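Colleague: Please give me a close look at the salt bridges in this model. I should also like their setting in the chain described, together with the backbone features that deserve inspection.

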Amino acid sequence: MKSIRLSELNQHYGEEVVVSGFVDNIRNLQWVQFLVLRDDTSRVQVTIEKSDEKNQEIVELVNSLTLESTVKITGILHENPKVKLNGMEIIPSVIEVTSTSEEELPFSYKDLTGVNLDTRLDYRFIDLRNEKNNFIFKIQSALVQYMREYLYQHDFMEIHTPKLIGTASESGSDVFEVKYFDRLAYLAQSPQFYKQMAMASGFNRIFEVGPVFRAENSNTSRHATEYTCFDVEFSYIDSYCDVMKLEAEMLTYALKKVNQIYGDKIKDIYGEELVVPTLPFPVMKLSDVYQELENRYGYKVAESEKDDLTTEAERLCYQLAKDKFHHEFLFVTHYPASKRAFYHMRDDDGVLQGYDLLWRGVEITTGAQREHRYEEIIKNAKEKGLEKDVEFYLEFFKYGCPPHGGFGLGVDRLTMLLLGISSIKEVQFLFRGPNRIEP
């Protein structure tokens, strides 16, 4: 018989079932043994009567069994309202030990109070047995699933671009060098160039979910040297407003779906209310944001800092969005081109045709209409001193390329904000940062 996931047991009362999982707890009393089995979906009680002669082999096995060993159990599932754990129990006929936990755990994953985060990351495979930590990735998976679902419903195609590249991408700095046979290669900072190549190929609507690499020596709660990015690009837009509209609709769709399935559990486990946003998302110019922050909250910065949002300004934008628009999201537009990549389109006054999207006071997206005109993009690259580094990229625009735009959304940071978790280290399966490359 095939093992049944524990969350599906309530469909099999009175039947012989096979279940597998970790030994979560053992209570060895005078006349009865209780074993609690755990998988990634639920837990179930297994009850062994010691007085039953045919159970003697099982009793001896359980006497020697260690917590966190894995077992495969065959038995009859009974509905029993007296059992506090889901009102059911399994009366086993066979228990097979599939692996043995040889040593005491380095810490108790059931109570992580006082356990150093670095220790938890060293033993991440233990840390993730914690229900709260394990559940993070079910939420993250659902979030990505429903963003994908929205795009598939709108005729987008998923592509997979290379992560080993021959020239330093985008800015030409903060890249990881890799020995590639007899030459150097680099880990891609983003799939941006290849997304635009897809536009020049006539793909029109594409997205990618994959790793990106940033060689930034940033030791903050929201930066990582490798993270997962949800990238979108599409053609025949009229302006960057089309890009903002699509991103807002995609996020609203995904958050609504996640809320329907997991909203109550998110509130129960993480204490966070998932607020499904309304459309359209509010939009403000960068200069107006700083003016409002000064007028409302007395926040002032030097004029030289007003060409980008400071970390504190981002944080205050959460309060601003709620006070001014009764919203958690805020699009900020009209950045100077000097602060953005050369491939972002500019208007005649040199103003970037793009935006940042803030959620709960943190930037989660940079998006824009891209420059698709060959002469203009050559001029922009020269201005940044990159024309030689990006020669292969400039070729994409010599033979016709439609107007297009897109954005990149950090999946890890999005998850962190959704669940109200303070560090990106806890929402990545395995964190990579300046001081961590293992396990």
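Modeller: The account below begins with the chain as a whole, turns to the salt bridges, and ends with the surface and the backbone.

The model is predicted, so that local features need pLDDT of at least 70 and side-chain atom pairs count only at pLDDT 80 or more, while totals for chains, interfaces and linings use all residues. Residues are numbered from 1 along each chain as its sequence is written, and side-chain values use heavy atoms, with hydrogens and water left out.

The chain contains 11 helices and 16 strands, these being DSSP runs numbered from the N terminus (helices H or I, at least four residues; strands E, at least two). Its C-alpha trace spans about 90 × 60 × 40 Å along the principal axes. Of the 439 residues, 50% are buried; here buried means under 20% relative accessible area, exposed over 50%, and partly exposed in between (1.4 Å probe, protein chains only). Among contacts with a separation of 6 or more, 66% join residues 24 or more positions apart, a contact being heavy atoms within 4.5 Å. The exposed area of the chain is about 21,700 Å², with 48% supplied by carbon and sulfur atoms; areas come from the Shrake-Rupley method with a 1.4 Å probe, and for residues only the protein chains shown count as cover.

The charges form the background to the part you asked about. The chain carries 51 positive and 70 negative charges, and the mean positions of the two sets are 2 Å apart. In this count Lys and Arg are positive and Asp and Glu negative, with His and the chain ends not counted; each charge is placed at NZ of Lys, CZ of Arg, CG of Asp or CD of Glu. Side chains of opposite charge can pair when their charged atoms come close. A search of the whole structure finds 33 salt bridges, each defined as a side-chain nitrogen of Lys or Arg within 4 Å of a carboxyl oxygen of Asp or Glu.

Three pairs repay individual inspection. In the pair of Asp127 and Arg120, the closest N and O atoms are 2.7 Å apart, and both residues are buried.

Asp231 and Lys195 form another salt bridge, with an N to O distance of 3.1 Å. This pair links distant parts of the chain, since Asp231 belongs to strand β11 (residues 226–235) and Lys195 to helix α5 (residues 192–200), 36 residues apart. Asp231 and Lys195 are both buried.

The side chains of Glu383 and Arg346 also meet in a salt bridge, at 3.1 Å from N to O. Glu383 is in helix α9 (residues 374–383), whereas Arg346 is in the loop between β13 (329–333) and β14 (354–359), so the pair ties together parts that are 37 residues apart in sequence. Here the burial is mixed: Glu383 counts as exposed because its relative accessibility is 53%, while Arg346, at 17%, counts as buried.

Beyond these pairs, salt bridges link Asp24, Arg38, Arg43, Glu68, Lys110 and Arg129 in a network.

The surface also has a nonpolar patch of about 340 Å², made by Leu164, Tyr180 and Phe181. Patches comprise residues with over 30% relative accessible area and no salt bridge, like charges being joined within 9 Å and nonpolar side chains (Val, Leu, Ile, Met, Phe, Trp, Tyr) within 5 Å. Tyr180 lies in strand β8 (residues 177–180) and counts as partly exposed because its relative accessibility is 36%. Phe181 is in the loop between β8 and β9 (183–187) and is exposed, with a relative accessible area of 66%.

Phe181 leads on to the backbone, for it has a positive phi of about 55 degrees although it is not a glycine. Tyr236, also not a glycine, has a positive phi of about 60 degrees. Tyr236 lies in the loop between β11 and α6, and at 59% relative accessibility it counts as exposed.

Two cis peptide bonds may be inspected as well. The bond from Leu279 to Pro280 is cis, with omega near -5 degrees, and Pro280 lies in the loop between α6 (240–270) and β12 (283–285). The bond joining Glu438 and Pro439 is cis with omega about -5 degrees, and Pro439 belongs to the segment after α11 (411–419).
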